[in-house]
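Hi,

Here is the structure I said I'd pass on. Have a look at it first, and then read my notes underneath.

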Amino acid sequence: MADDQHEEVSKKVSAEEEIRRGITVMRRVVQGRSRGIILDVYWNNQGQLIEPNGHTLTSFIGALVRNEIPITCDDWRNKELNESKEKIWSEIKRCFNIEEERRGFCMKLAGKLLRGFRTFLSSKFLKDADGNFVDAELPKKYESLISAEEWEAFKSKRQDPVFQRISATNRERASSPAYPYRKGRVGYGRLEQSMLQKEESSETSLPAHVLWKEARVGKSGVPQEEVLHVYQKCEELSQSLSPDDTKGILSRALDVPEYSGRVRGKGFGVTPTSLSIKKGKAPSNRELHARLEAMQAELDALRREREASASTVYRDASDKNSINCTFQPNIPEGISHCQLYLSSPYYRMVGKGKVHNDQMIGRASGHF
């Protein structure tokens with residue numbers, strides 16, 4: 001009994017130390033892990049993280065990436081981050097019951113959360129109300145996560161003219177969205193899940209334009225007239241367009257281009273591949289050449305097969321024509337047909353020139 005209490009206290013102290021050490025700030029997850037509690041996570045049929053524990057895993061990944069990846073990292077694909085990414089994935093598996101095949105999703109989510117954290121720091125501490133740069137000190141709240149050197153490098157990057165030009169372009173593009181998203185941190189996956197549960201529907205997914213409309217309904221519960229107009233247009237297009245149409249209904253209604261690797265109105269984690277959407281694409285010259293070579297090889301194989309079949313038929317016919325006599329004489333064993341012919345009187349007459357050509361022809365035709 002005392003040993004059990006001592007073990008429980010040790011686990012609790014270990015968890016508390018780990019929280020203070022900064023590996024993670026999610027107390028409930030870490031303390032649960034110290035007691036052997038591994039949380040299950042769930043996914044919809046489109047590969048998106050949903051409840052229960054979907055929000056918890058997202059927050060946990062955000063805490064990990066803030067601890068493990070410096071804010072000066074601008075390229076998430078940098079191979080120098082592989083060791084830190086491996087540690088993040090290892091920590092996720094220690095706390096959550098998750099399949100190895102979900103690693104790609106979690107790493108993409110980690111990269112997205114890191115970009116969001118950098119944007120938050122820049123907007124919150126390095127800009128004034130008019131968007132002008134402010135040379136601020138490192139916030140005390142984040143001194144355990146960010147070193148003084150990293151902060152100075154981070155500020156220096158934000159003052160670079162090229163960075164400021166790109167930032168201004170992106171800020172202008174996102175400053176006045178025509179149809180703003182109004183569901184806060186609730187992503188499309190969890191929004192779809194709540195809608196299906198509320199309607200008690202047996203469906204596993206909803207059309208993209210239905211989700212899009214709901215995501216733009218605020219606290220009033222009433223969508224804007226512009227949103228309803230787009231929704232009605234989507235409904236009309238869904239009745240007239242072919243299911244094989246390569247451009248989405250929502251993109252057509254909004255009159256905007258499709259972007260590679262994403263599905264408009266479905267949110268993070270959904271790709272054309274996960275939905276088995278076939279994109280129309282003109283083949284390259286190399287692909288066309290490969291197809292021609294394959295067709296030529298198939299044609300050559302068919303030609304060889306036809307020639308082999310014709311040869312077999314001809315050989316069978318020749319064999320049948322050679323068997324035109326039903327008389328099979330009894331030839332003593334050891335004597336061949338050639339020996340019989342050479343010893344015959346007919347051969348001796350031919351050899352002496354006593355048989356004329358017409359007689360030989362008659363012999364061959366059976367009239368001699």
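Below is what I found, going from the whole chain down to single residues.

Before anything else, please keep in mind that this is a predicted model.

**The chain overall**

You'll see 15 helices and 4 strands. The chain has 368 residues, and 30% of them count as buried. Its accessible surface adds up to about 25600 Å², with carbon and sulfur atoms contributing 51% of that. I also looked at contacts between residues at least 6 apart in sequence: 54% of these join residues at least 24 apart.

**Helix H6 and what covers it**

H6 runs over residues 148–158, and its buried residues are Trp 151, Phe 154, Lys 155 and Arg 158. These four sit on the same side of H6, because they cover an arc of only 95° around the axis. The general rule behind this is that an α-helix has 3.6 residues a turn, so residues three or four places apart point the same way.

So what covers that buried side? The cover includes helix H5 (103–125) and helix H7 (161–175). I followed up H5. Its axis and that of H6 come within 12 Å and cross at roughly 80°. Angles from 65 to 115 degrees count as roughly perpendicular, and H5 and H6 therefore fall in that class.

If you want to click through the contact, pick Arg 118, Leu 121, Ser 122 and Phe 125 on the H5 side, and Trp 151, Phe 154 and Arg 158 on the H6 side. Sorted by class, the contact between H5 and H6 is made of 4 nonpolar, 1 polar and 2 charged residues. Of the residues named for H6, Trp 151, Phe 154 and Arg 158 are thus both buried and in touch with H5.

**Backbone oddities**

Two of these are next to each other in the loop between strand S3 (49–50) and helix H3 (54–68), where you'll find Pro 52 and also Asn 53. The peptide bond leading from Glu 51 into Pro 52 is cis, with omega near 0°. Asn 53 isn't a glycine, yet its phi is positive, at about 75°. Asn 53 has 18% relative accessibility and so counts as buried; the cut-off for that is under 20%.

Asp 255 is another non-glycine residue with a positive phi, near 60°. You'll find Asp 255 in the loop between helix H11 (249–254) and helix H12 (285–322). Its relative accessibility is 66%, so Asp 255 counts as exposed.

**Two buried residues in helices**

Arg 190 belongs to helix H8 (residues 188–199). With 15% relative accessibility, Arg 190 counts as buried. Which residues does Arg 190 touch, not counting those up to four places away in sequence? They are Leu 49, Ile 50, Glu 51, Gly 54, His 55, Thr 58 and Arg 185. Take Leu 49 from that list: it is 141 residues from Arg 190 along the chain, but the two C-alpha atoms are separated by 7.4 Å.

His 209 is in helix H9 (residues 208–214) and counts as buried at 7% relative accessibility. Leaving out its neighbours within four places in sequence, the contacts of His 209 are Tyr 231, Cys 234, Glu 235 and Leu 250.

Happy to go through any of this with you.

Cheers

Conventions. Residues are numbered from 1 along each chain as its sequence is written. This is a predicted model: local features need pLDDT of at least 70, side-chain atom pairs count only at pLDDT 80 or more; totals for chains, interfaces and linings use all residues. Side-chain values use heavy atoms; hydrogens and water are left out. Helices (H or I, at least four residues) and strands (E, at least two) are DSSP runs, numbered from the N terminus. Buried means under 20% relative accessible area, exposed over 50%, partly exposed in between (1.4 Å probe, protein chains only). Contact means heavy atoms within 4.5 Å. Accessible areas come from the Shrake-Rupley method with a 1.4 Å probe; for residues, only the protein chains shown count as cover. The arc is that of the directions from the helix axis to the C-beta atoms. Axes are lines fitted to C-alpha atoms, for helices over the stretch in contact, and angles run from 0 to 180 degrees between N-to-C directions. Angles under 35 degrees count as roughly parallel, over 145 as roughly antiparallel, 65 to 115 as roughly perpendicular and the rest as oblique. Ala, Val, Leu, Ile, Met, Phe, Trp, Tyr, Cys and Pro count as nonpolar, Asp, Glu, Lys and Arg as charged, and the others, Gly among them, as polar.
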